Every structure is written in structure tokens, then in C-alpha cells.
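This report describes how the parts of one modelled assembly are arranged. The account starts with a single helix and widens from there.

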There are 2 protein chains.
Amino acid sequence: MSALREVAQRANVSLLTAYNVLSNAHVASITNEIRQAVLDSASNLNYHLNITIKDVAAQAEVSIATVSYVLNNSVPVSAPTRERVLEAAAALNYRPNITARNLQASETRMIGYAWHEVPPGQMNPVMDRFIYCMALAAESAGYHVLTFTQPRKNETRAYEDLIRSNRVDGFVLSNLKVSDKRIPHLIDMGVPFAAFGRSNNQVDFPFVDVDGRYGIRTCMEHLFERGHEKIAYLGWSLVDERVHGYFDALHSAGIKRNPEWVVRTHDTLMEAGNAVHPLIDLPEKERPTAIVCASDMMAIGVMRFLGSVGLRVGIDIAITGFDDHPMSEFLYPSLTTIRQPIEWLAQKVIDLLLAEINKVQLPERHIIVPPELIVRGSSSQYFAD
Amino acid sequence: MSALREVAQRANVSLLTAYNVLSNAHVASITNEIRQAVLDSASNLNYHLNITIKDVAAQAEVSIATVSYVLNNSVPVSAPTRERVLEAAAALNYRPNITARNLQASETRMIGYAWHEVPPGQMNPVMDRFIYCMALAAESAGYHVLTFTQPRKNETRAYEDLIRSNRVDGFVLSNLKVSDKRIPHLIDMGVPFAAFGRSNNQVDFPFVDVDGRYGIRTCMEHLFERGHEKIAYLGWSLVDERVHGYFDALHSAGIKRNPEWVVRTHDTLMEAGNAVHPLIDLPEKERPTAIVCASDMMAIGVMRFLGSVGLRVGIDIAITGFDDHPMSEFLYPSLTTIRQPIEWLAQKVIDLLLAEINKVQLPERHIIVPPELIVRGSSSQYFAD
DNA sequence: TGAAACAGTTTAAACGTTTAATGCCAAAGT
DNA sequence: ACTTTGGCATTAAACGTTTAAACTGTTTCA
């Protein structure tokens, strides 16, 4: 017998009355005596309001199977019975217990996402928006996002624990590293996942990514169009796909590469500023008139450095970034940059992951989208010596 | 009979051998024939490797109850049996199924956190770090964080769904609004929660918060010390506790309030910049020599505006912010600001929430911490006309 | 008229844990 | 020698679902 029904019986009232009392509903027809009787009966039975399928079944006077069939539309049920069940469920404000459902289905409808460690003094607003959009996409498919932390040492441990203990059905990976250990490990365990970003791993796995090479190329073409010819590139020290966009553009413009104008450093404000020092120290005639940066962070560092040595960004020298960092619009001058379609990427990575989880074949497991150039003050003036 | 055991029996091998084959372990003693037999047997039974407590029990030759007792240390078990169970669990790399455990315990060990909508072009790096630290604190107590999105209309709906469907045990609230509807609703439903920030609700609820009034006061005292006397304040249009720190400081310094020097606007770069326009338009003698801002965002907007009208921040006019935004260190000049102990606040909000969930009384449910002044270039010079 | 088909419903098993209740057996107490 | 005790281990119920299998009563058809 359902627990609520027992409470109701002992108090000698209907199941619905008991529910109304216990859920603090304002129902005029319930006298104080009845209310008290129900409360006493509930406290005697040590019952804490928790509507289950049994309560609905009792109220509708059918079996729990019938309730399940109606609510899941999984088996045809006669109209009158169906009606009764739906009424009962609505009256009791029933919600299925997800834990029980998950146990039965041996799934969790949870997606794990490792929160990137944000050290004090850093930020990653693009990822913020990515996570938000991912949660939105997941929810519209009946999933939720579990964010967990990923310790430095033994990165794969958290993943294994979550999947083995049935906390999640799969993962979304981001911030892929060179030879990322998580990828072979997850593949080895047969765990569904999809990534935001590529890696140099030999194995094949589903991912979404932005075409950074194309993005940088559009920056270059924009600068050519504004009259620049002496253009430097500031990128990462490790694997950098974006630099090829720089080379591509130089090549099609018939401009010879100058190795000294390809500067590599870490993706931080300070280091980027320092890294371009040698370029700026050159005599004016030999100095680049524009610098294409692989990230907004770097571009901001460069702009700050240029300001401190008295060069006017947008006039004396053009700068472009990459990411469309929320701040870039409000810099002085505002920063020309490359915007990634974050909402779309988040939706797609969830699509890929759900396909993996449900073992459906998608026509394409590698989604690479071209980003969009946003022209702003830091590069918009026509340049001519 | 446990499923794995059945696979092993049909293939005529030991349970452990079956496990090793199915988990792709490299064990020299397993011949290809044996491997194939196990794989066949598993595929006949349609078995997907999933070690349960039954497998451990079978391997250790005890009942599942004994396994549970050993692993949870809940009931004394003789040393030899204990040993056997631990060995079996380790050999099979067993992890309890959390879903099953949760169903039994009717808890989820999940904490819900509503992801603030990050509109394109905005960011909230302080909250980033807060969520990260919260996840860390939760995990060290055996909980996980579920991040969900909160639609504009009907904000409380998502909360009700998550709690009623047993997805989470409680919530952490942030971004509290004036007369926040979530608070009475959660209290009404008897749902455990704890907040980051206060609200003007009349009801009592557990929260952590930063003492903004104190923080602004320390900014003011710092400015007095650097020789400023004509200080303006830029804050929010709605409820603003921080402005009282401004008034407090003026009062103890014996300086009369000037209502025109208290400017109120929205917390965005653009609007903050525009809002101080009238102050700067004043003749130099009547103009404030310092502006205390209620957020770094505002301070950055103000700095950008001052730069565009040719005033040198840190020399002609001092600026202070609030939040220690990651960027504030890298502005030119760097921004004096107030740092909140985010890690500590996150830990405390989890402590409060877990106390609510487990119905333990904590000595203090209202935690207000004084923040820390970080002096940087925007206000460090001694000022004297 | 009896068997077969069918629609509508219920029964009961299963998912993987925890844990109260029970059982077993040897040692201790009468 | 017979009960009592106590240590250890097992049995079985419970958590709240889903769903295959079984059942019931009516209609259809030979």
C-alpha cells in the first residue's frame, strides 16, 4: 500500500485530502480538525510527503503499470482509464522519481563536463557562454550537465569515477591538450564523449571546432584590403593551427615570409606584451604595420604594451585578435576580432554526444565551422605610408 | 546469479578471467581461445561489462550484504572475510552504482546551481571562480554540482522540477534579486538551500556575503590617506548597500555629503562611462579628485571615458573599483580594487547548504566577510592640489 | 458452440544498493 | 546436558520505476 494512502486511511480522509493538507494547499473545505488528523497520522507514520507512482495508482484506482503506461504513452490504454490517471497525476502534482527511472533504465541522462580550473587572475568568458549554451541544449533533450573539477595529476581519474559509478552517461571535453590523455582513455573504456576542439591524437573521435586557420586568413585579407603589407603574427608556442592561415594569406598575396615576424609565446596578457617588444624596437621602416594575434588576450596585452610606448593602436599600427572576448568591444580603441558561433558549437557538441550515447550514426562526426570577422577600431583605418 | 558469473560459467572460466577479458586487461595467461570463448559467451548473453556488488560477492564467496558491510564499514566483519571481500572488489575494480545507492537512501548527493545567463558581450569572471571553488568544496564532501539554466519567466519552475524529480538535494542561489521569488518558494516547499548574497526578503535564510559597505569604506580611507577630499561615488540604481560605506567614511572624516556626487547607473561599461560625464564637465576646482566605483566593470568604463577626454587616471584623478576582476591588474594604469575571498565564500556556502540538507544546526547561518583592499596604480599616487 | 483473437489491464520481476531481521554455530554459563 | 549468549554471516525486504508475461473478458470466426 502506498504510504500516502495509509496516512489518509488512518486519518479517515481521502487520499487527495491528505495530499492537500500535507502540501499546504489552501483548500477551504478542509477543517482544522481534519488537517490535524492528517498531520498526526503522517507524523505517526513518520511520513514525509513524497508522491510516488503508487499514490497516483491508488488515487486513479488502477495498477502502477497502467499509470506508467499512460504517462509514458508506451502502451495503449482506454480513454476513460487514461483520463482518470492523468487527473490523478495532475491532482497530486506527481513527478516521477528520476533516480528510480535511471536505475531501471541504467542510464542517468547526465552529461559530465570538467570545469577548467580558473586560476585567480584569469578568466575564460568564451567558455562561460559555451557551458551555458551547452546546458541549454542538453536540457532541451532531457539531459543535465554535471560540472566537476579535474585535478592536475591523474586527469582521467575523475572521468573514470564518474562513469563507473554511473553518475553520467558521457562527457563533453574541452581545453584539449597536446596528446590529451583523456581521449585514448575514454575510447579504451568505451565511454561516449564529444570534444570542443581538436587534438593531435591519431585516433578518430567526434568533435566540433572552429576553423582557426580560416579565421586568421580573413584577418589577413582584411588587413591587406586596408593597405597593410608588413604584417606580423603572434601565436602559441605549442601546436598552432592558426598560424597556417597567416601563411596561406601571405602565400596567395605573394608576400615572402619573414620568420622573425612570427612570434610565439603563452596566451597571457603579460607575456604577449613582452613578446612583441623586439618587433617594435625595429627602426620604423622595418617595423610591421599590423600584428595579427591568435587570441584577444594576446591582442589586449599587445595593445597595452603599444600604449605604454606611445604607439597609437588603429593609427600607427593595426591589431587584430581572436575570440571576440566580451571586453574587446570596450577597449580603446575597440578590437577587431574573430567571433566563434559559440551557441551553435555548443548545440552541435551536444548533438554529437547524444548520438554517441544512443549509438546512432551521424553523417558527420567532425564539425568545423568558419568563424566571423568583426571589424572594429583597432584595424579599421586605411593604412598607407 | 550475477550476470558476469553467468558469462564466466558458460565460457567455463573463472569470474576473474571473464572480467579480465571483458575489460581488455593485458594478462599473459589468457589464451586467444579463452578470450574468444568469453567474448562469445558475453555476446550470447548480451552482457555489457558492468561490475555489481553481486559480482564481488560471487568472487569473494560471500553474500552481497557482507560486501556492503565491508565496503561501508557499517557492521563488523571478521578479518579473513573482510580481506577476501576487499581483494575481490579491488581485483574487479568495483564501484558502487550511485543511482542504486541513491534510490535506497532517497538522496542524490547533488547540488543544483542555476547558471546565470551570460548574454553575449558580458562576463562574470568572479562567478566563474566561485562555481569552480564550489564544485571543489562539494566534491570533497561527496557531492556534485548540477548546473542548470533558469528561464526568465517562471524562474522557480526549474527549481521545483529538479527537486521534485529527485535530481538534487538542495540548491545554491546566487545573483539574488530584489524580493527574489525563489526564496519564499523554496522555503515554502521545505527545500534546502543557501545563498551567495543577501536580499531584502523579510524571511530568514542561510547565506554568505561580502561586507560591501566595509569594502567601500576602506577604499575611502585609502583615498583620504592619499590626500583626496573631493570624492564621488558611482553605484547601482536599485538597492545598494555599498553606498553606505561611502557615507560612513564621509561622516567619520567630517566631510559634508554632496548629493550630486552620488551617481547611480547600471553595472555596465558603457553606462558607467556616460554616467560620470556631468561630474567631469564641472570646472576643475569643483570637480571630484577621485571616484569610488561599486564594481570593476564600472571603474573600467569610467577609466575608458576619462582616457577619451584626456584625463590621466592615477595622476589627474583617482579611481577605485570592486571585485578584483582578473583584468583590473592589467589595465593601464592598473586598478585599485576590493578583492572578495571567493574560495572561502564558496566553501562556506557549501557548508551552510550541507548543514541544511542534513538538518544540522550551525552556530551561524549568516556569514558576512570583510573583503580586502588591493592598492594599484589608479589611486596610489599622493594627491595634493 | 467452441476456439481463437484481441483489447485492456494486472502481476511480478528487474535494476543495484542498504539494512533490519533472522539464522547458524561455537563458546560460555547454569 | 541444556539453555543462553554473542559473533558472523545470510536472507529478504525496501527504495520507485519500467516492462515482459500473464490474465480477463469480450468479440470474431469457423
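In this predicted model, helix α16 of chain B, residues 342-357, lies across five strands of chain B: β1 (110-115), β3 (170-173), β4, β5 and β11. The helix runs at about 160 degrees to β4(B).

**The sheet**

The strands under discussion belong to an open sheet of 12 strands with mixed pairing. Its order is β11(A)-β5(A)-β4(A)-β3(A)-β1(A)-β2(A)-β2(B)-β1(B)-β3(B)-β4(B)-β5(B)-β11(B). The edges are formed by β11 (366-369) of chain A and β11 (366-369) of chain B; each has a single partner strand, so one side of each is left without a neighbour in the sheet. From one strand to the next, the twist averages 20 degrees.

Two of the strand pairings can be given in detail. Strand β4 of chain B (residues 193-196) runs parallel to β5 of chain B (residues 207-210), and two bridges join them. In this pair, B:A195 is placed opposite B:F207 of β5(B). The other pairing links the two chains: β2 of chain A (residues 144-149) and β2(B) run antiparallel and are joined by three bridges. Here A:L146 faces B:L146 in β2(B).

**Contact between the chains**

How many residues of chain B are in contact with chain A? There are 44 in chain B, and they touch 44 residues of chain A. On the side of chain B that touches chain A, at least two residues each come from α7 (98-105), α8 (125-140), β2 (144-149) and α15 (296-308). Helix α8(B) gives the most, with eight residues. By class, this side of chain B has 21 nonpolar, 14 polar and nine charged residues.

**A helix pair in chain A**

Two packed helices are described by the angle between their axes and the distance between the axes. In chain A, α9 (residues 155-164) packs against α10 (residues 182-189) at an angle of about 25 degrees, and their axes are 10 Å apart. That angle makes α9(A) roughly parallel to α10(A). The crossing of α9(A) and α10(A) is right-handed. On the α9(A) side, the contact is made by A:E155, A:T156, A:Y159, A:E160 and A:I163, which meet A:R182, A:H185, A:L186 and A:M189 in α10(A). The residues of this contact divide into four nonpolar, two polar and three charged.

**The DNA strands**

Both chains supply residues near DNA strand D, with at least two each from α5 (64-72) and α7 (98-105) of chain A and from α5 (64-72) and α7 of chain B. For DNA strand C, α5 and α7 of chain A and α5 and α7 of chain B likewise each supply at least two residues of the nearby surface. Helix α5(B) provides the largest share of the surface near DNA strand C, five residues.

The residues that come nearest to each DNA strand, and the classes of the residues around it, are set out below.

| DNA strand | Residues around it | Nearest residues | Classes |
|---|---|---|---|
| DNA strand D | 28 residues | A:I53, A:A65, A:N97, A:A100 and B:A65 | 14 nonpolar, 13 polar and one charged |
| DNA strand C | 28 residues | A:A65, B:I53, B:A65, B:N97 and B:A100 | 14 nonpolar, 13 polar and one charged |

A:A65 and B:A65 are among the nearest residues to DNA strand D, and A:A65 and B:A65 are also among the closest to DNA strand C.

Definitions and conventions: Residues numbered from 1 in each chain as written. Chains lettered and ligands numbered in written order. Predicted model: local features only at pLDDT ≥ 70, side-chain atom pairs only at ≥ 80, totals over all residues. Pairing = 2+ DSSP bridges. Helix = DSSP H or I, 4+ residues; strand = E, 2+ residues; numbered from the N terminus. Axes fitted to C-alpha atoms, helices over the stretch in contact; angles between N-to-C directions. Contact = placed C-beta atoms within 7 Å. Nonpolar A, V, L, I, M, F, W, Y, C, P; charged D, E, K, R; others polar. Parallel < 35°, antiparallel > 145°, perpendicular 65-115°, else oblique. Left-handed = near helix turned anticlockwise from the far one by under 90°. Near = placed C-beta within 6 Å.
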